[in-house]
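Me: Please take a close look at one part of this model, the place where the two chains meet, and tell me how the residues there are arranged. I would like a connected account rather than a list.

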Amino acid sequence: MREAGTVAAVRQSASTGTLSVEAWRRRHAIVVLSALAVLAGAGGVGMLNQITSTQLGANVLAAALFLILAGSDRVKPELKALLATAGALVASTAFVVSAEGARPAHLVFLFVSVLVTVYRDLVAYALVSLYVLLLYALVLVAGEIAVLPQMGDADSARRWALLVVGTSFAVSATTMLSWWLDASGHRDREALQVALAEAALRERQAVQIHDQVVQGLAVAKYALESDDVAMAAGAIDTTLASARVLIGGLLAFEGGVVPDTLLRDGPAVLSTDAGSPSTTHGADGADSPEQPSPPREGA
Amino acid sequence: MSVRVLLADDTEELRVVLRRLLTRDAAIEIVAESGDGPSTVALARALRPDVVVLDLSMPGADGLTVLTQLKDDPCCAVVVLSGLPREYAEKSCLEQGAYAYVEKGSSIMLLKDAIVAAASGR
């Protein structure tokens with residue numbers, strides 16, 4: 001059954017509901033490139049501010065390392081998102097440090113927290129949320145901290161920290177939720193596609209089996225009409241073998257026989273007296289109810 | 001004058017018995033046989049038989065595709081001879097220009113009558 005693989009692939013896709021490989025790669029590239037841009041910005045702003053602290057240097061190196069690993073093909077895909085997220089966070093920290101804690105620089109955390117939602121990965125999103133929460137918890141607890149000298153007095157720093165954290169969570173959570181709702185709709189559409197593909201497959205199988213059996217029986221009948229008993233017997237044998245192969249393939253695809261699979265609605269009927277429309281054709285056609293379809297108009 | 005028929009069916013055994021049965025009297029002459037869609041169209045256009053007896057399930061191109069390609073060609077009338085139930089396929093075939101639809105396994109007289117009617121009615 002050629003369609004079986006297609007249906008299985010669609011079913012697998014629908015069950016996971018994850019991004020396609022291509023879509024994931026595109027989004028991963030966006031995150032990595034954005035983090036590199038933030039890192040470059042950190043270096044530029046640091047040079048302007050003549051920042052030479054080892055903390056900034058360590059942050060830049062760590063961010064670069066994370067981002068290089070995130071772009072490596074040797075790293076497992078499930079780790080790449082976390083590495084890119086870590087790189088973006090450390091680059092953001094470097095940016096804030098190089099800007100000497102200037103308030104607008106803190107908005108890069110808002111940017112990163114929203115950016116990583118493109119992975120639709122709860123772990124990456126949780127990592128960002130935890131990082132932002134811990135970073136600004138320090139500000140909330142300690143007030144003005146050493147790396148953020150431009151945040152002003154303690155009360156002002158706390159208000160700003162609350163604003164950044166609150167906005168980051170609100171915007172990123174909304175974005176993450178919208179991704180999930182979109183993914184849910186995507187899964188629904190794929191489930192519908194699976195149902196349609198399976199229905200189309202079953203129709204094709206039914207038509208194929210029907211055609212194969214009727215074809216063989218028709219050959220047998222016409223062979224008998226022409227007194228060719230050998231050909232009739234051969235056609236019946238071939239039809240039986242074909243039917244077994246077709247049904248065997250179908251049962252294998254569906255997972256084999258289980259209880260109730262072989263339950264009949266009624267006894268098998270082969271007699272023409274049973275009233276089945278498919279068995280009422282007379283052998284010679286003299287008493288057959290069958291008729292060719294009427295000629296088309298204008299034919 | 002006999003009706004010139006092109007017999008199109010991918011099952012060779014069926015073509016053999018149909019040829020034998022249809023040509024028992026001189027009213028029908030089988031001018032050619034084909035086992036797939038493209039050769040059916042080519043033979044119909046080349047030989048211009050009176051009637052094409054056409055199976056629906058064939059390799060290359062199915063019977064409905066053949067019907068579509070012959071629809072506007074006045075070369076021949078088409079009688080569909082198919083194993084598919086009438087209620088499943090007849091309407092589509094008639095809409096695509098078939099003259100009549102006969103189920104496989106029907107009496108050979110029924111098929112002969114449909115062929116003769118198609119030849120005289122086209």
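Reply: A residue is called buried here when its relative accessible area is under 20%, exposed when that value is over 50%, and partly exposed in between. By that cut-off B:K104, at 5% relative accessibility, counts as buried, and this lysine is a useful place from which to read the contact between the chains. The model is a predicted one, and side-chain atom pairs are counted only at pLDDT 80 or more.

B:K104 sits in the loop between β5 (100–103) and α5 (108–121) of chain B, while B:D9, in the loop between β1 (3–8) and α1 (12–22) of chain B, is its partner in a salt bridge. The closest N and O atoms of B:D9 and B:K104 are 2.8 Å apart, and the pair links distant parts of the chain, 95 residues apart. B:D9 is buried, as is B:K104. A second salt bridge joins the side chains of B:D55 and B:K104, at 3.1 Å from N to O. Because B:D55 lies in the loop between β3 (51–54) and α3 (63–70) of chain B, and B:K104 in the loop between β5 and α5, this pair ties together parts that are 49 residues apart in sequence. B:D55 is likewise buried, with a relative accessible area of 0%. Taken together, B:D9, B:D55 and B:K104 are linked in a network of salt bridges.

Chain A reaches this network through A:Q215, a residue of helix α7 of chain A. A:Q215 counts as buried, at 7% relative accessibility, and, when residues up to four places away in sequence are not counted, A:Q215 touches B:D9, B:D10, B:T11, B:L14, B:D55 and B:K104. The three members of the network, B:D9, B:D55 and B:K104, are thus among the residues that A:Q215 touches. The side chain of A:Q215 also makes a polar contact with the side chain of B:T11, at 2.3 Å.

Another part of the contact can be followed from B:R24, which lies in the loop between α1 and β2 (28–34) of chain B. Leaving aside its neighbours within four places in sequence, B:R24 is in contact with A:E225, A:S226 and A:D227 from chain A, and with B:K112 from chain B. A polar atom of the B:R24 side chain lies 3.2 Å from the backbone oxygen of A:E225. A:D228, for its part, forms a salt bridge with B:R20, with the closest N and O atoms 3.1 Å apart. The count of salt bridges between chain A and chain B is 1, whereas the structure holds 9 over all chains.

For the interface as a whole, 12 residue pairs are found in polar contact across chain A and chain B, with both residues at pLDDT 80 or more. Helix α7 (residues 154–225) of chain A gives the most to the side of chain A that touches chain B, with 12 residues. The contact takes 27 residues from chain A and 36 residues from chain B. The size of an interface is often given as the accessible area lost when the parts come together. Between chain A and chain B the buried area is about 2,600 Å², and carbon and sulfur atoms give 57% of that area.

Some context for chain A helps to place helix α7. Chain A has 8 helices and 0 strands, and its pattern along the sequence is α-α-α-α-α-α-α-α. Of its 299 residues, 36% count as buried, and residues 24 or more positions apart account for 70% of the contacts in chain A with a separation of 6 or more. The accessible surface of chain A comes to about 17,000 Å², with 65% belonging to carbon and sulfur atoms. On that surface A:L140, A:V141 and A:L162 form a nonpolar patch with about 290 Å² of accessible area together. A:V141, from helix α6 (residues 122–142) of chain A, counts as exposed at 69% relative accessibility.

A salt bridge in chain B offers a contrast in setting to the network around B:K104. B:E95 and B:K91 form a salt bridge whose closest N and O atoms are 2.7 Å apart, and both residues lie in helix α4 (residues 86–95) of chain B, 4 residues apart, about one turn of the helix. B:E95 counts as partly exposed at 46% relative accessibility, and B:K91 as exposed at 59%, whereas B:D9 and B:K104 are buried.

Note on methods: Residues are numbered from 1 along each chain as its sequence is written. Chains are lettered from A and ligands numbered from 1 in the order in which they are written. Side-chain values use heavy atoms; hydrogens and water are left out. Patches are made of residues with over 30% relative accessible area and no salt bridge: like charges are joined within 9 Å, nonpolar side chains (Val, Leu, Ile, Met, Phe, Trp, Tyr) within 5 Å. Accessible areas come from the Shrake-Rupley method with a 1.4 Å probe; for residues, only the protein chains shown count as cover. A salt bridge is a side-chain nitrogen of Lys or Arg within 4 Å of a carboxyl oxygen of Asp or Glu. Helices (H or I, at least four residues) and strands (E, at least two) are DSSP runs, numbered from the N terminus. Buried means under 20% relative accessible area, exposed over 50%, partly exposed in between (1.4 Å probe, protein chains only). Contact means heavy atoms within 4.5 Å. Buried area is the accessible area (1.4 Å probe) that two parts lose on being put together, summed over both. A polar contact is a pair of N or O atoms within 3.5 Å; within protein, one must be able to donate a hydrogen and the other to accept it, and residues adjacent in sequence count only if both atoms are side-chain atoms.
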